[in-house]
Amino acid sequence: MRSKRRSMAKKTTLPQETLTDILSRLPIKSLTRFESVSKPFSALINSPDFISAHLRRSSRHFTFFIRHFHNPSGSNFSFSLTNNQAIDVEIPLLGSLIRFPKIVGSCNGLVCLDISSCYARGFVLWNIARKQYSCLPSPRISDSRGPFWMVSTGFGFDREKNDYKVVRIVGFACEKGESPVVMAEVFSWRTGCWRVIDGRAIGACVIHEGQNGVVINGGLHWLGNSAGKSGGIQKFILSFDLNTEEFRKIPTPEFSAGVCAKIMGFKGSLALAYYPSRGLVGRPAATDRVEICVWDDYGGADGKYWTKLNSLQLNTLGYPVGVTNETGLIMRKLDGQFTQFFLCDPSNQNYRRLHICEATYSCDIHSYVESLVPVGAGHDHRVIEEEVLSEV
């Protein structure tokens, strides 16, 4: 009888490719249950090839990871995953945090949080779907050489090295008229270490406060301007190549005072969205639109230039507050006491309403996909208890 059962089991065993294809279509919650069924299943689900196969499928169906602010100071906050249904998310280490955490970035199912009280001194990598998190070691650049002035961060994926990286750019305070000293360091998910890198290409500059780097075409990008003794103020985009770990500056189109800019992607190219500050809305029609410009042939030879794509009506869609999947603009419109959000495609000006955080004071929105990517290359992580996710 036993031999007959073994014979039947052998006949019903699926080929590895078929099993991988079937399992890669399942949500993370189902896959974590399969992990406990057998060691072969667990080995398959945690293998790099399967993680990549599952990510290729899940990346087609992104949702939004949102930090809500329920009061002006931001002391009353919450997190949620939202698509058609809102799911409250409890962040790891909540009880030990001095202040509300900042979302540095979201990439391939990993979320990077800045959990420090100031100057980006502490980070966590978090896989929400797998309920795993890892506290990163402390950054190497400290205030021993002088007081910090401004710190900017970014989080992205190096495709060439299959590595996730956190970038920290530190500007030190200086006397009036002096050029500020700027240093940079990178954390590698693969090595688990911080490295101070050559930041001479950054020069004496100011990265606009509160910015996180925007990932476009394998690089992180921040808006900045020159600082110090050099002539007038020059505005530019500071770009960091996640593979070569080199900085460079990209000139921006000229824009007048009172105009804001937001970095975004457009079909794999760098783009900028220009719009008036809120105090200027109501002036002549020239100031009530969002203008989109694209940096042609980004990453190629010299001689590139900005090309105006099209414009969006502010009165219809509101102001840009975020980007998603490098190509869409998230717009926020205030209508009396109500807030509406729209996802807009600048290429064809199509848009749809997003049913997210209408009732909150403000929010920070990032695109998010479920994945099996571990929070550490060496799988050094902690598991959050099952009750972390609860539906509302």
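By class, how many nonpolar, polar and charged residues does the lining of the largest cavity have? Keep that in mind for the second stop. This is a predicted model.

**Stop 1: the whole protein**

Show the full model as a cartoon. The protein has six helices and 27 strands. Now colour by burial. Of its 392 residues, 48% are buried. Switch on the surface. The accessible area is about 20200 Å², and carbon and sulfur atoms account for 50% of it. Then consider contacts between residues at least 6 apart in sequence: 51% of these join residues at least 24 apart.

**Stop 2: the cavity**

One cavity of 30 Å³ or more is counted. The space in the largest cavity is about 100 Å³. To find the lining, select Trp 149, Met 150, Val 151 and Ser 152. Add Ile 169, Val 170, Gly 171 and Val 182. Finish with Cys 205, Val 206 and Ile 207.

Colour this selection by residue class. Nine lining residues are nonpolar, two are polar and none is charged. That settles the opening question.

Next, colour by strand. Three strands each give at least two residues to the lining: β8 (148–158), β9 (163–172) and β12 (205–207). Which strand supplies the largest share? Strand β8 does, with four residues.

**Stop 3: the loop after β8**

Follow the chain into the loop between β8 and β9, and stop at Asn 162. Check its backbone. Phi is near 50 degrees, a positive value in a residue that is not glycine. Is Asn 162 buried or exposed? Neither label fits, because its relative accessibility is 38%, and Asn 162 counts as partly exposed.

**Stop 4: the loop after β12**

Select Gly 213, in the loop between β12 and β13 (214–216). Gly 213 counts as buried because its relative accessible area is 12%, under the 20% cut-off. What does Gly 213 touch, leaving aside its neighbours within four places in sequence? Show Thr 153 and Gly 154, then Leu 220, His 221 and Trp 222; Gly 213 is in contact with each of these.

Now draw a distance from the C-alpha of Gly 213 to that of Arg 168. These atoms are 9.8 Å apart, while the residues are separated by 45 places along the chain.

**Stop 5: a second positive phi**

Go to Glu 245, in the loop between β15 (235–241) and β16 (247–251). Its phi is positive, about 60 degrees, and Glu 245 is not a glycine. Compare its cover with that of Asn 162. Glu 245 is buried, at 14% relative accessible area, whereas Asn 162 is partly exposed at 38%.

**Stop 6: a strand pair**

Select β25, residues 362–368. Six of the seven residues in this strand are buried. Add β1, residues 63–69, as its partner. The two strands pair in the antiparallel sense, over seven bridges. Zoom in on Phe 65: its bridge partner in β25 is His 366. Look along the pair with side chains shown. In a regular strand, side chains alternate between the two faces of the sheet.

**Stop 7: helix α5**

End on helix α5, residues 48–58. Which of its residues are buried? Select Phe 50, Ile 51, Ala 53, His 54, Leu 55 and Ser 58. View the helix end-on. An α-helix has 3.6 residues a turn, so residues three or four places apart point the same way. Last, bring in the neighbouring helices. The buried residues of α5 pack against α2 (16–23), α3 (28–35) and α4 (39–45).

Technical notes. Residues are numbered from 1 along each chain as its sequence is written. This is a predicted model: local features need pLDDT of at least 70, side-chain atom pairs count only at pLDDT 80 or more; totals for chains, interfaces and linings use all residues. Side-chain values use heavy atoms; hydrogens and water are left out. On a 1 Å grid over the protein atoms alone, a cavity is a set of points where a 1.4 Å probe fits but cannot get out, and a pocket is an open set with protein on both sides within 12 Å along at least five of seven lines; lining residues have an atom within 4 Å of a point. Grid points are joined across faces, edges and corners, and a volume is the space filled by probe spheres set on the points. Ala, Val, Leu, Ile, Met, Phe, Trp, Tyr, Cys and Pro count as nonpolar, Asp, Glu, Lys and Arg as charged, and the others, Gly among them, as polar. Buried means under 20% relative accessible area, exposed over 50%, partly exposed in between (1.4 Å probe, protein chains only). Contact means heavy atoms within 4.5 Å. Accessible areas come from the Shrake-Rupley method with a 1.4 Å probe; for residues, only the protein chains shown count as cover. Two strands pair if DSSP finds at least two bridges between them.
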